[in-house]
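Here is a quick walk through a two-chain model, written for someone who likes to check contacts and distances by hand. Have the viewer open while you read.

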Amino acid sequence: MRDYEVVYIFKPDLLADEVSGRLERYHQMLTGGDGSEITAVEHWGKRQLAYPIQNELNGYYVVAQFRCDPAHLPEYERLLKLEEQLVRYLVVLSEGELPTPPSALAEGSDAPGTGRPESKRKEATDAAPEATPAPDTDEAPSDDDGVETATEEKVEAPTEEVV
Amino acid sequence: MAMKKVCKLCERGIPRIDYKDEQLLSRFMTDRGKILPRRATGSCAPHQRQIAAAVKRARYLALAPYIKGYYE
């Protein structure tokens with residue numbers, strides 16, 4: 001038994017019901033009653049692809065996690081490959097977390113705030129004993145600021161804006 | 001001008017990088033979508049390896065472009 005995570009990208013013109021029906025069919029293959037289970041399914045819905053795939057500019061994303069015996073996988077992946085409405089899929093070993101929503105960085109936005117003063121202090125104390133010239137010590141924190149404000153903006157921006 | 005760099009991911013205590021988190025990954029990519037080198041980001045080696053792997057997965061899933069701006 002291992003934990004896996006799979007991302008499906010369906011053609012954008014599929015309805016949510018059709019997608020659910022297909023997912024059920026795929027997942028039936030995995031849950032063979034030997035303790036295999038689907039632990040999480042998350043529909044991201046339609047979003048823009050970073051580049052066209054099969055002439056499609058959008059895709060319907062679904063992320064799922066499951067636990068099953070590795071022996072089930074070849075058959076499961078064969079089914080996925082035959083599926084024409086499935087533009088792309090990726091099965092990877094799960095890294096232990098529930099599927100993170102697209103806005104995963106929400107908690108990350110707090111971290112820079114708490115980390116900033118600390119890092120500044122560190123740099124200041126580091127720089128002082130080294131007896132580096134004053135412009136150096138000034139520059140380091142100011143540069144840091146630029147980077148972190150930039151990251152905060154990115155965090156707040158809606159995730160859907162993928163070019 | 002040498003500036004001491006600290007791995008931002010270590011600093012913030014992010015142990016693992018999610019390939020689905022394209023906002024995070026975009027901070028480690030150039031404006032053309034290339035993976036930034038460690039000398040530019042100051043990432044530690046373990047995190048740099050994770051970044052590289054995550055960016056490649058994200059590209060495959062069309063969450064990140066292989067070449068940004070190519071199709072515009």
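Let's start at a turn. Strand 2 and strand 3 of chain A form a hairpin with two residues between the strands, and Q54(A) in that hairpin takes a positive phi near 50 degrees. Keep in mind that everything here comes from a predicted model.

**How far to trust it**

The predictor gives the complex an ipTM of 0.83, along with a pTM of 0.68. For chain B, the mean pLDDT is 89, and 94% of the residues reach 70 or more. Among the elements of chain B, helix 4 of chain B has the highest mean pLDDT, at 94, while helix 1 of chain B has the lowest, at 86. A general caution applies: where pLDDT is low, predicted coordinates should not be read in detail.

**The sheet in chain A**

Chain A holds four helices and four strands, and along the sequence they come in the pattern β-α-β-β-α-β-α-α. In what order do the four strands of the open sheet in chain A line up? The order is 2-3-1-4, with antiparallel pairing. That leaves strand 2 and strand 4 of chain A as the edge strands, each pairing on one side only. From one strand to the next, the twist averages 20 degrees. As a reminder, strands of a sheet pair through backbone hydrogen bonds, either parallel or antiparallel.

Here are the pairings within the sheet, in a form you can check against your own DSSP run.

| Strand pair (chain A) | Sense | Bridges |
|---|---|---|
| Strand 2 and strand 3 | antiparallel | eleven bridges |
| Strand 1 and strand 3 | antiparallel | nine bridges |
| Strand 1 and strand 4 | antiparallel | seven bridges |

If you want residues to click on, V41(A) has A64(A) in strand 3 of chain A as its bridge partner. Y8(A) stands opposite V62(A), again in strand 3 of chain A. Over in strand 4 of chain A, L93(A) is the residue opposite Y4(A).

Contacts in chain A reach a long way along the sequence: among those between residues at least 6 apart, 75% join residues at least 24 apart. Buried residues make up 18% of the 163 residues in this chain.

**Chain B**

Chain B has four helices and zero strands, so to speak a plain α-α-α-α run from the N terminus on. Of its 72 residues, 38% count as buried. Among contacts in chain B between residues at least 6 apart in sequence, 70% join residues at least 24 apart.

**A core shared by both chains**

Which residues have the most contacts inside the largest nonpolar core? They are I9(A), L25(B), V55(B) and A58(B), in a core of 34 residues. The elements giving two or more residues to this core come from both chains: strand 1 (2–10), helix 1 (16–30), strand 2 (37–53), strand 3 (56–68) and strand 4 (86–93) of chain A, plus helix 2 (22–26) and helix 4 (45–60) of chain B. Strand 3 of chain A gives the most, with seven residues. In soluble globular proteins, nonpolar side chains tend to be buried together.

V55(B) is a handy place to look around. Leaving out residues up to four places away in sequence, V55(B) touches L25(B), F28(B), M29(B), I35(B) and A64(B).

**Two residues to look at**

Take K20(B), found in the loop between helix 1 (8–11) and helix 2 of chain B. Is K20(B) buried or exposed? K20(B) counts as buried because it has 23 C-beta neighbours inside 10 Å, and 20 or more is the cut-off for that label. K20(B) and A54(B) are 34 residues apart along the chain, yet their C-alpha atoms are separated by 8.0 Å.

Now turn to Q28(A), which lies in helix 1 of chain A. Q28(A) has 12 other C-beta atoms within 10 Å, so it is exposed; the exposed label applies at 12 or fewer. In sequence Q28(A) and Y76(A) are 48 residues apart, and in space they are 9.4 Å apart, C-alpha to C-alpha.

Key. Residues numbered from 1 in each chain as written. Chains lettered and ligands numbered in written order. Predicted model: local features only at pLDDT ≥ 70, side-chain atom pairs only at ≥ 80, totals over all residues. Core = buried A, V, L, I, M, F, W, Y, C linked by C-beta atoms within 7 Å. Contact = placed C-beta atoms within 7 Å. Pairing = 2+ DSSP bridges. Axes fitted to C-alpha atoms, helices over the stretch in contact; angles between N-to-C directions. pLDDT = per-residue confidence, 0-100.
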